[in-house]
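I opened my notebook to look up a few things in this complex. Here are my entries in the order I made them.

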Amino acid sequence: MTDSGTYLYAIAQETGEALPDGLTGVAGTPVRTIAHAGLAGYVGTVPLAEFGEDALARNLEDLAWLEATARAHHQVVDVVARLAPTAPVRLVTVYAGDGQVRELLERRLAEFSATLDSVAGRQEWGVKVYVDPQTVARPAAGPGTAADRSGAAYLRRRRAGMRDRDDALRRATAHGDRVDAALSAVAVESRRHRAQDPRLSGRDEWMVLNGAYLVDAERGDEFATAVAALRGPEVGIELTGPWAPYSFTVLESEGVPP
Amino acid sequence: MTYARSSQGPIVPTYGHQPANLGDILERVLDKGIVIAGDIRVNLLDIELLTIKLRLLIVSVETARELGIDWWQQDPWLSGKQHRLEEENRRLRHRLAALEDGARPAAAEEDDERKERLWAGRASD
């Protein structure tokens, strides 16, 4: 029974390039590599007192711990992705030891290699499109109608109000679709993620697009130019990245290994 | 903006200048990339609860409904009733464990409430 485990951050093509000196990951532990058959697993040794089953169940519910761990995990992934084609592994994937990671690399070699080939030389960009509900709203019913207090006039105003609202929503979502189509033309692949809550985005406008785009590294400039050209008085666009290709290396679990 | 132009390359990321937004990071590290079962099995129920909280943070029901997104209605985990049941279940297991350990159940309750406050506090940030 040991008191430590092997934390797996990412799987990458083995390039032989050295990690920056003193690179640390979750819980401040050093990052090292496990090389096998042309692949490299980026790992660290973590205390089970913090990353064991019971500890994780507790810690994952602690937002401060989660934030520190997520940022540390992301930083390692980010550094590795600058060295080689990389597939990030989900947060808190912990093995009993290095041997199990080597076994994993062996068992799923073909699958991992194919995924890494598909992202080689490419970067992920995040694009969020915001539309201010006020600017897409059409002016309300014309002057004079407010004085008309008949039931028919009320219903007319109400119908017009609902129509205006539907129009505003349609126009808002059309902005998102238009940006997505234009950027997908520059990208190799694209994904639309769920819109973020205003509390998370920190913005009051409607998020009509939360997209991820896998772009050839040499077309990054072109992509940024395309984003800039799509901005407009009704459309706010936020560009983030380059990210490691998180959204384009999604592989589900093979289930419980034998 | 998180990139800058350099003389020799098309785009050079200026890492570290602007820490990536926590929401963007969580969205990626929890939900994307390779999902493998490690040897350390995290309690699935707890993970699901965490994910629910994060999902609720990541999309507001109102905004989603306005935009015609209704994925949470098809997701039994996210229908409020199921969520409350699971939450209740967890609380009961928590109390049972505390009782079996001979610990004070009140402490566990307080702990739960503290966590709830933490989430509520974060949510209003």
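Which pattern does chain B follow, read along the sequence? I read off β-β-α-α-α-α-α-α for chain B. My tally for chain B is 6 helices and 2 strands. I should keep in mind that the model is predicted.

**Confidence**

I looked up the scores for the complex and found an ipTM of 0.85 and a pTM of 0.72 from the predictor. For chain B, I noted an average pLDDT of 57, with 29% of the residues scoring at least 70. Residues 1-18 of chain B have a pLDDT below 50, and I found 24 contacts in the model for this stretch beyond near neighbours in sequence. I also marked residues 104-110 of chain B, where pLDDT stays under 50. The model has 6 contacts beyond four places in sequence for residues 104-110.

**Chain B, burial and contacts**

I checked burial next: of the 125 residues of chain B, 14% count as buried. Then I looked at the contacts in chain B with a separation of 6 or more, and residues 24 or more positions apart account for 35% of them.

**Helix H9 of chain A**

Moving to chain A, I asked which residues of helix H9 (residues 220-230) are buried. I listed A:Gly220, A:Phe223, A:Ala224 and A:Val227. These residues cover an arc of only 95° around the axis, so they sit on the same side of H9(A). On the other side of H9(A), I found A:Thr225 and A:Ala229 exposed.

**H9(A) against H7(A)**

I then turned to helix H7 (residues 151-184) of chain A, whose axis comes within 10 Å of that of H9(A) and crosses it at roughly 155°. Angles over 145 degrees count as roughly antiparallel, so I logged H7(A) as roughly antiparallel to H9(A). I noted the crossing of H7(A) past H9(A) as right-handed. Which residues meet there? From H7(A) I wrote down A:Val179, A:Ala182 and A:Leu183, which meet A:Phe223, A:Ala226, A:Val227 and A:Leu230 in H9(A). Two of these names were already in my burial entry: A:Phe223 and A:Val227 are among the buried residues of H9(A).

**A:Arg191**

My last stop was A:Arg191, which lies in strand S7 (residues 189-192) of chain A. Is A:Arg191 exposed, partly exposed or buried? I recorded A:Arg191 as partly exposed, because it has 17 C-beta neighbours inside 10 Å. Leaving out residues up to four places away in sequence, A:Arg191 touches A:Gly211, A:Ala212 and A:Ser247. I also looked up A:Gly126, 65 residues apart from A:Arg191 along the chain, and their C-alpha atoms are separated by 9.7 Å.

Technical notes:
Residues numbered from 1 in each chain as written. Chains lettered and ligands numbered in written order. Predicted model: local features only at pLDDT ≥ 70, side-chain atom pairs only at ≥ 80, totals over all residues. Helix = DSSP H or I, 4+ residues; strand = E, 2+ residues; numbered from the N terminus. Buried ≥ 20, exposed ≤ 12 C-beta atoms within 10 Å, placed from the backbone. Contact = placed C-beta atoms within 7 Å. pLDDT = per-residue confidence, 0-100. Arc of directions from axis to C-beta. Axes fitted to C-alpha atoms, helices over the stretch in contact; angles between N-to-C directions. Parallel < 35°, antiparallel > 145°, perpendicular 65-115°, else oblique. Left-handed = near helix turned anticlockwise from the far one by under 90°.
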